[in-house]
Amino acid sequence: MPSFYVDPKDFTENRAVLKGAEARHVRNVFRLGPGESIVLFDGRGHQYKGEIMSAGSVVTIQLLEKETIPPERFEITLAQACLKSDKMELIFQKATELGVSKILPFFSSRTVPKDPGAKLERWQKIILAAAKQSGRATLPEIMSPCPMPELLTQFDKTTVRLLLSERRTKRHLKEILRESAAGTSLRNIIPFRIEKIVGLIGPEGGFSDEEMDLAEEAGFIPVSLGRRILRAETAAITFLSVLQYEMGTL
């Protein structure tokens, strides 16, 4: 059964209303009407089963059941240098499907275009559609793009900080997560249970040497995804997939 997003402010004690595009989807795409069952989510970890009471320009639902979806075992943040429009949209879609908690776009010295801030509303729509498709009850947090130096200051020592760079290291992500004897493990560097991880991924042209130095000074650990040179959008999807698999949360 398809699910529909309801803004938290549109819930009352035992009813909810769908407006705008979501209401049109109910009426015109799925052709649901009064008396039919419907599934809703609020983007904050709650899912609802209900029955449609009326289906006009606003769809009114009687809430019958509420379920709280357990949060992810750990918080994944994807810090992604802004890419060209279609590639960035692909990353937002797939990152949402793969359970990312936050997406932080940023500008690097090789970022093209330089000002994608106007795309924020479009990105939010892509995230919503991907959450509905994948059955997520929470929406990833998305921030407005900022310069890379500003981004690097946003993480404290409780966050495992990973810099994807095939130029700085040959240590594979899975080796680090598995505490391989081939190198120092993350759990030796950070002596407590991993709860938050951020992956820093560069633009099409990669990071400059100065940017990689800056990231390492901010506590980011260089990791590799293997011998192949991946496109930026492929690297982001691969990083999230390997991370979720190795941590047992895929």
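# Exercises on a predicted 250-residue model

The protein has an open sheet of five strands in the order β1-β3-β4-β5-β2, with mixed pairing; two strands count as paired if DSSP finds at least two bridges between them. This is a predicted model, in which local features need pLDDT of at least 70 and side-chain atom pairs count only at pLDDT 80 or more, while totals for chains, interfaces and linings use all residues. Residues are numbered from 1 along each chain as its sequence is written, and side-chain values use heavy atoms, with hydrogens and water left out.

## Exercise 1: the open sheet

Identify the edge strands of the sheet, then follow the pairing from β3 to β2.

Solution.

Step 1. The edges are β1 (3–5) and β2 (15–18), each of which pairs on one side only. Helices (H or I, at least four residues) and strands (E, at least two) are DSSP runs, numbered from the N terminus. Averaged over the sheet and with direction ignored, neighbouring strands are turned by 45° against each other.

Step 2. Five bridges join β3 and β4 in the antiparallel sense. I38 has G50 in β4 as its bridge partner. The two strands form a hairpin with four residues between them, and G43 in the turn has a positive phi of about 75°.

Step 3. Between β4 and β5 there are nine bridges, again antiparallel. Q47 stands opposite E67 in β5. Three residues make up the hairpin connection from β4 to β5.

Step 4. β2 runs antiparallel to β5 (residues 59–68), with four bridges. V17 has T60 in β5 as its bridge partner.

## Exercise 2: the helix across the sheet

Which strands does helix α1 lie across, and is its residue E22 buried or exposed?

Solution.

Step 1. α1 (residues 20–29) lies across β1, β2, β3 (37–41), β4 (46–55) and β5, and runs at about 155° to β1. Axes are lines fitted to C-alpha atoms, for helices over the stretch in contact, and angles run from 0 to 180 degrees between N-to-C directions.

Step 2. E22 lies in α1. Its relative accessible area is 9%, so E22 is buried; buried means under 20% relative accessible area, exposed over 50%, and partly exposed in between (1.4 Å probe, protein chains only).

Step 3. Not counting residues up to four places away in sequence, E22 touches F4, Y5 and K132; contact means heavy atoms within 4.5 Å.

Step 4. G35 is in the loop between α1 and β3. With 46% relative accessibility, G35 is partly exposed. Leaving aside its neighbours within four places in sequence, G35 is in contact with E51 and I52.

## Exercise 3: the nonpolar cores

Find which helix gives the most residues to the largest nonpolar core.

Solution.

Step 1. A nonpolar core is a set of buried Ala, Val, Leu, Ile, Met, Phe, Trp, Tyr and Cys residues joined through side-chain atoms within 4.5 Å. The largest one has 36 residues, of which L78, F92, L162, F239, L240 and L243 touch the most other members.

Step 2. Elements that each supply at least two residues include β6 (75–81), α2 (85–97), α3 (120–134), β10 (159–164) and α8 (232–246). The helix sought is α8, with six residues.

Step 3. Not counting residues up to four places away in sequence, the contacts of L78 include I91, V100, L104, I201 and L240.

Step 4. A second, separate core has 16 residues, among them A79, L151, M212 and F220.

## Exercise 4: the two faces of α7

Why do the buried residues of α7 line one face of the helix?

Solution.

Step 1. In α7 (residues 209–217) the buried residues are E211, M212 and A215. Seen down the helix axis, they fall within an arc of 100°, so they line one face; the arc is that of the directions from the helix axis to the C-beta atoms.

Step 2. These buried residues pack against α4 (148–151), β10 and β11. The face turned away from the buried side carries the exposed residues E210 and E217.

Step 3. After α7 comes G219, with a positive phi near 95°.

## Exercise 5: confidence

Locate the stretch where the pLDDT is below 50.

Solution.

Step 1. The average pLDDT (the predictor's confidence in each residue, from 0 to 100) is 86, and 90% of the residues score at least 70.

Step 2. The stretch is residues 180–192, which has 22 contacts in the model beyond near neighbours in sequence. Where pLDDT is low, the predicted coordinates should not be read in detail.
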